[in-house]
Amino acid sequence: MSDKLIVMERRVYIKTFGCQMNEHDSERMLALLEECGYHETVKWEEADLILVNTCTVREKPEQKAYSIVGRFQQIKKNNPDAIIGIAGCVAQQRGEELLARIPALDFVLGPGKIYKLPEILHEMHKGMRGVCTVGFENGCPTNLPIPHTQQLRAYVTIMQGCDNFCSYCIVPSVRGRERSRPSGEILAEIHALVQRGTKEVTLLGQNVNSYANNTPRELTFPQLLAKIDEIPGLERIRFTTSHPKDLTEEIIEAFGQLKHLCEHFHLPFQAGSNAVLERMNRGHTREEYLAKTKKLREAAPQISITADVMVGFPGEGEEDFLQTLKLMRQVEFDGLFSFKYSPRKGTRAAQWRDDCTSEVKQRRLEILQELQRGITLKKNKELEGTAKEVLVEGRSRNSPHTMKGRTRCNRIVNFPGGSELVGELVTVKITEGLQNSLRGGRCG
Ligand code: 5AD
Ligand code: SF4
């Protein structure tokens, strides 16, 4: 390869930790980088730019991000001009401190400043190093280039930030206050995506249910859903994440009414004990949570309900933990993301004694996950014999003659078929419910 080509063809390796917002931010950063002449590589060893998009919501992903940057810095031995950047929530939270802590680090970029990436790289190419760009002052422009990775299924940000201040959560300080994107811009982006072949959109935000709550004269969240439902060519609408206290009757009713709204609701409950919920500053009780999930199932009997839960919050006793298990049995979640509480500096709960030992947290997590595995399998088995609409995503990893797709209720289905089906909606009769997926065969 000639020197000239090496200069023209810059390669970027992006490692992403955390939630779908981060995944989407990585896609958007990649789209910006492509406009600056970068191509994505899956081998960090051959990259000219390494970008680590970090998460700080729990201790584990933050520690992982530090250790991976430690490994990546070896790249400078062979390629001293290589650039290493940290983006995401750790960048926003720690800022300049990271540059002092990690000498090989060249820049720090907060999630509210993604649009500055081309400018920063321009400076880096001129030899500048040690740049820190964080904060939310001007709001991040949301009309950045649409990532080409978004095809059949795409993410669309509808709001950013969170005003809830759950006592354990660092998100409000690293993602800022709630800002909703104008509905006109959201609708235009979805129209553009559909033109390029998108069949399913997932509306993203820390708290999508409170979309435009602080923006008078804007559409409400259910009104926005109704407008999106009318976009010709769009087959499926999903959204995440929601807060129980903002889940209104109108949103619940939308499930019985909007043709393209998929029957899946991710509704974190965090704990089953009212005393713990109160200390978490969640703004809802277990009874309210149970009533809302019951209503969701009445409005859409097929609906799949998933959630986030934590064990070992300060002061969580055995009785409180039993309340969590009881709530799980009552709701019968279709899937559950479960975490051990870890104190995050700057949150209210971090001032309280982290009094559950790591052994207690581990034991509670194992009991909870065992219970959930049984419920998930039971629910998957209940689907045996039913016919499900499946959006075909691609070939299954295990066999070239098996295709993989997703039901409206967000379960993965593997079934015999060819790649001509990719992007199609097909009907599959479910023959087997497994722990993490379903198996079936096409009907008709
Ligand atoms: N410790 C453990 N889990 C946490 N989460 C948020 N903050 C913490 C914390 N300090 C979990 C919650 C949230 C999910 C994204 O991460 O369950 O819904
Ligand atoms: Fe964090 Fe609570 Fe906001 Fe969710 S609702 S992002 S848990 S503060």
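**Close-up views of a predicted model**

**View 1. Strands β7 and β10 run parallel and are joined by five bridges.** In this predicted model, the pairing brings together strand β7, residues 153–157, and strand β10, residues 200–204. One of the residue pairs in this view is Y155 with T202, the latter being the bridge partner that β10 provides. Strand β7 is largely enclosed by the rest of the structure, because four of its five residues are buried, that is, they have under 20% relative accessible area.

**View 2. Strands β12, β13 and β14 form an open sheet with parallel pairing.** The order of the three strands is β12-β13-β14, and the twist from one strand to the next averages 15 degrees. Strands β12 (264–266) and β14 stand at the edges with a single partner strand each, so that one side of each is left without a neighbour in the sheet. Between β12 and β13 the parallel pairing extends over three bridges, and F265 has I305 of β13 as its bridge partner. In a regular strand, the side chains alternate between the two faces of the sheet.

**View 3. The shell around ligand 1 includes residues supplied by two strands of the open sheet, β13 and β14.** Strand β13 (304–311) and strand β14 (335–340) each supply at least two residues of this shell. The residues around the ligand are V57, R58, Y168, Q270, D308, M310, F339, K340, Y341, S342 and R344, and by class they divide into five nonpolar, two polar and four charged.

**View 4. Polar atoms of Y168, Q270 and D308 lie close to atoms of ligand 1, at the distances given here.** For Y168, a backbone N or O atom lies 3.1 Å from a nitrogen atom of ligand 1. For Q270, an N or O atom in the side chain is 2.7 Å from an oxygen atom of ligand 1, and for D308 an N or O atom in the side chain is likewise 2.7 Å from an oxygen atom of the ligand. On its own, ligand 1 has 410 Å² of accessible area, of which the protein covers 88%.

**View 5. The shell around ligand 2 has seven nonpolar, two polar and one charged residues.** The residues around this ligand are C162, N164, F165, C166, Y168, C169, V171, P172, H243 and R282. Residue Y168 is listed around ligand 2 and also around ligand 1, where a backbone N or O atom of Y168 lies 3.1 Å from a nitrogen atom of that ligand.

Key
Residues numbered from 1 in each chain as written. Chains lettered and ligands numbered in written order. Predicted model: local features only at pLDDT ≥ 70, side-chain atom pairs only at ≥ 80, totals over all residues. Heavy atoms only, no water. Near = heavy atom within 4 Å. Polar contact = N/O pair within 3.5 Å; in protein donor to acceptor, adjacent residues only side chain to side chain. Areas by Shrake-Rupley, 256 points an atom, 1.4 Å probe, with all protein chains shown as cover. Nonpolar A, V, L, I, M, F, W, Y, C, P; charged D, E, K, R; others polar. Buried < 20%, exposed > 50% of the residue type's maximum accessible area, 1.4 Å probe, protein only. Pairing = 2+ DSSP bridges. Axes fitted to C-alpha atoms, helices over the stretch in contact; angles between N-to-C directions.
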